[in-house]
Amino acid sequence: MPEEITTATAASPVPAPAPVPATATATATAATGRTAAQAFGIGCAVLLAVPLLLVLAFVGWIAVVTKDASDFPRVAPEEMVSRAVDRSREAYDVLGFTRTIRPGVEEIGVSTENTIGSDHCYRGGLTDESVDGAYRISHSWALDQVPAEQAVPGLRRLRDHLEDTGWDITSYRENVSGDYWDLYASRSGGDERVSFQWFADRDYFTGGTSTPCAVDPDWRQGDDQPAGDRLWPPDFGPSA
């Protein structure tokens, strides 16, 4: 028999890739280079912009928080003492106290008190420098022999009164550790503050007021004590 011969179909040749024109390669390389350069440039710009923004923000913050004499009203210390005492007296009336307290204090934390304090006002920011002529007045008062039936409802009335007259209650705590109550409030962005405490273990009630900063019109270069540090309050008691 004749031998059967099978003819295999030859595989189709794979065409070689067409050569890339030199101009196209150069264009792609250039584009890649420009993209990388642009990315590098943008990255550098961001790296430079972030510190600049931080510096500008820091400078703006310093400008906002740093104070000088022009930022405070010019008010005589005697007037600020009167304002502080009036603010204390308003609270005293709401609390329902009727005794009159002479100026001074015999024993802090035990006896009655009616005193004035004064402190410097500071520039703020990253400096602890005081502002020339600027001061803040505080008035402190205290009563002994204040029982719970007078102190507790009085503090609650005062808390409501302060809220109703535009004060922010920053802290109000009843019967802390069984023998201590306190009430703190502020307004005018925290520039004006009041505070009150009652100690049940000894029936002792304290109050205090601090005024916003002001500049003493009579301040002179070389005055190193805050204005009003030698002033005394009047007799302190209810308005009527």
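# A tour from the disulfide outward

Start by selecting C121 and C213: both are buried. Keep in mind that this is a predicted model.

**Stop 1: the cysteine pair.** Show the side chains of these two residues. C121 and C213 form a disulfide, with 2.0 Å between their sulfur atoms. A disulfide is a covalent bond between the sulfur atoms of two cysteines. Now look along the S-S bond. The torsion about the bond between C121 and C213 is about -100°, so this disulfide is left-handed. Next, trace the chain away from each end. C121 sits in strand β2, residues 113-124. C213 lies in the loop between β7 and β8, the latter being residues 214-215. The two cysteines are 92 residues apart, so the pair links distant parts of the chain. How many disulfides does a search of the whole structure find? It finds 1.

**Stop 2: strand β7.** Select residues 204-210. This is β7, and 7 of its 7 residues are buried. Color the two faces separately. On one side are Y204, T206, G208 and S210; on the other are F205, G207 and T209. Both faces are covered.

**Stop 3: the partner strand.** Add residues 192-199, which make up strand β6. β6 and β7 run antiparallel, joined by 7 bridges. To see one pairing, pick Q197: its bridge partner in β7 is T206. That same T206 is one of the buried residues of β7. Then move to the turn. The hairpin of β6 and β7 has 4 residues between the strands. Click on D203 there: its phi is positive, near 50°.

**Stop 4: helix α2.** Jump back along the chain to residues 77-95. Helix α2 has 19 residues. From its first C-alpha to its last it reaches 27 Å, close to the 27 Å expected at 1.5 Å a residue. Which of its residues are buried? They are P77, M80, V81, A84, V85, S88, R89, A91, Y92, V94 and L95. Step past the end of the helix to G96. This glycine follows α2 and has a positive phi, near 90°.

**Stop 5: the whole chain.** Zoom out and color by secondary structure. The protein chain has 3 helices and 8 strands. Along the sequence, the pattern reads α-α-β-β-β-α-β-β-β-β-β. Of its 240 residues, 30% count as buried. Among contacts with a separation of 6 or more, 65% come from residues 24 or more positions apart. Finish with the surface view. The chain exposes about 15,000 Å². Carbon and sulfur atoms supply 57% of that area.

Conventions:
Residues are numbered from 1 along each chain as its sequence is written. This is a predicted model: local features need pLDDT of at least 70, side-chain atom pairs count only at pLDDT 80 or more; totals for chains, interfaces and linings use all residues. Side-chain values use heavy atoms; hydrogens and water are left out. Buried means under 20% relative accessible area, exposed over 50%, partly exposed in between (1.4 Å probe, protein chains only). Two strands pair if DSSP finds at least two bridges between them. The expected span of a helix is 1.5 Å times one less than its number of residues. A disulfide is a pair of cysteine sulfur atoms within 2.5 Å. Contact means heavy atoms within 4.5 Å. Accessible areas come from the Shrake-Rupley method with a 1.4 Å probe; for residues, only the protein chains shown count as cover.
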